[in-house]
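User: Hi! Could you take a look at this model with me and help me work through its fold, its charged pairs and its packing?

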Amino acid sequence: MNTPAEQPSVLFVCVHNAGRSQMAAAFLTYLAGDRVQVRSAGSAPAATVNPAVVEAMAEVGIDVSAEVPKVLTTEAVRASDVVITMGCGDTCPVFPGKRYLDWTLQDPAGQGVDAVRPIRDEIETRIRVLIDEIAPTSQP
């Protein structure tokens, strides 16, 4: 088990923090457990997580119904090793020594669960690659 100082930390950012960033944070938490610190935020957070996102994640056994969109803060960026924007044009404060990635993904806003599923699946694939890069499981 990593100590907090050894744990890589990841911040997912999208405008409303109601869809893509919530799915990414949930997958990373679910798949990496305590090996990674996970945050998500948005520049203009919505009031609630997108209901189609909640339904699509429930289909794969991950409950995001209690999540609440959060506002992006400079402190959240400063505290993260990796900052991933979700292809929505958000700008983040830039600090030296951080890794910044932009994942171009369809926006699930206003979409039904049928449109959200492929976005969810693409996010899961990217999260699995990210885990292998930043928090691989130790091999015997």
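Here are some questions and answers about this predicted model.

User: Happy to start with the sheet. In what order do its four strands lie?

Analyst: Good place to begin! The sheet is open, and its strands pair in parallel. Strand E2 (37-41) and strand E4 (99-102) each pair on one side only, so by the definition of pairing they are the edge strands. From one strand to the next the twist averages 15°. Reading across, the order is E2-E1-E3-E4.

User: Which residue in E4 stands opposite Ile84?

Analyst: Strand E3 covers residues 82-85, and four bridges join E3 to E4. The two strands run parallel. Opposite Ile84 in E4 you will find Leu101.

User: And the helices on the sheet: at about what angle does H4 run to E1?

Analyst: Two helices are worth a look here. Helix H1 (residues 20-32) lies across strand E1 (9-13) and E2, and H1 runs at about 170° to E2. Helix H4 (residues 113-134) lies across E1, E3 and E4. The angle of H4 to E1 is about 150°.

User: Does the length of H1 agree or disagree with what 1.5 Å a residue predicts, and what is the end-to-end distance?

Analyst: H1 has 13 residues, and at 1.5 Å a residue these should span 18 Å. The prediction agrees with the model, because the end C-alpha atoms of H1 are 18 Å apart. The distance asked for is therefore 18 Å.

User: How many residues of H1 are buried?

Analyst: H1 is mostly covered. Its buried residues include Arg20, Gln22, Met23, Phe27 and Leu28. Among the elements that cover them are E1, E2, H2 and H4. Of the 13 residues in H1, the number buried is ten.

User: On to backbone angles. Which residue other than glycine has a positive phi near 50°, and is that residue buried or exposed?

Analyst: Most residues other than glycine have a negative phi, so a positive value is worth checking. Just after H1, Gly33 takes a positive phi of about 60°, but Gly33 is a glycine. The residue you want lies in the loop between E1 and H1, and at 0% relative accessibility it counts as buried. That residue is Asn17.

User: Now the charges. Which residue forms a salt bridge with Arg117, and how many residues apart in sequence are the parts that the pair ties together?

Analyst: The structure holds eight salt bridges. In this one, the partner of Arg117 is Glu59, with the closest N and O atoms 2.7 Å apart. Arg117 lies in helix H4 and Glu59 in helix H2 (residues 51-59), so the pair ties together parts whose separation in sequence is 58 residues.

User: Are the two ends of that salt bridge, Arg117 and Glu59, buried, exposed or in between?

Analyst: Buried means under 20% relative accessible area and exposed means over 50%. Arg117 has a relative accessible area of 25%, and Glu59 comes to 39%. By those cut-offs, Arg117 is partly exposed, and Glu59 is also partly exposed.

User: In the salt bridge of Asp121 and Arg120, which residue is buried?

Analyst: The side chains of these two meet at 2.9 Å, N to O. Asp121 has a relative accessible area of 35%, so it is partly exposed. The other partner has a relative accessible area of 7%, so the buried residue is Arg120.

User: Which residue forms a salt bridge with Glu122?

Analyst: The closest N and O atoms of this pair are 2.6 Å apart. Both residues lie in helix H4, four residues apart, about one turn of the helix. Glu122 is partly exposed at 33%, and its partner is partly exposed at 24%. The partner is Arg126.

User: Last topic, the packing. Which element gives the largest share of the largest nonpolar core?

Analyst: Nonpolar side chains tend to be buried together in soluble globular proteins, so a core is a natural thing to look for. The largest one here has 32 residues, and Leu28 is among those with the most contacts inside it. Leu28 touches residues including Val10, Phe12, Ile127 and Leu130. The largest share of this core is eight residues, and the element that gives them is H4.

Note on methods: Residues numbered from 1 in each chain as written. Predicted model: local features only at pLDDT ≥ 70, side-chain atom pairs only at ≥ 80, totals over all residues. Heavy atoms only, no water. Axes fitted to C-alpha atoms, helices over the stretch in contact; angles between N-to-C directions. Contact = heavy atoms within 4.5 Å. Salt bridge = Lys/Arg side-chain N within 4 Å of Asp/Glu carboxyl O. Buried < 20%, exposed > 50% of the residue type's maximum accessible area, 1.4 Å probe, protein only. Expected span 1.5 Å × (residues − 1). Core = buried A, V, L, I, M, F, W, Y, C linked by side-chain atoms within 4.5 Å. Lists of a residue's contacts leave out its neighbours within four places in sequence.
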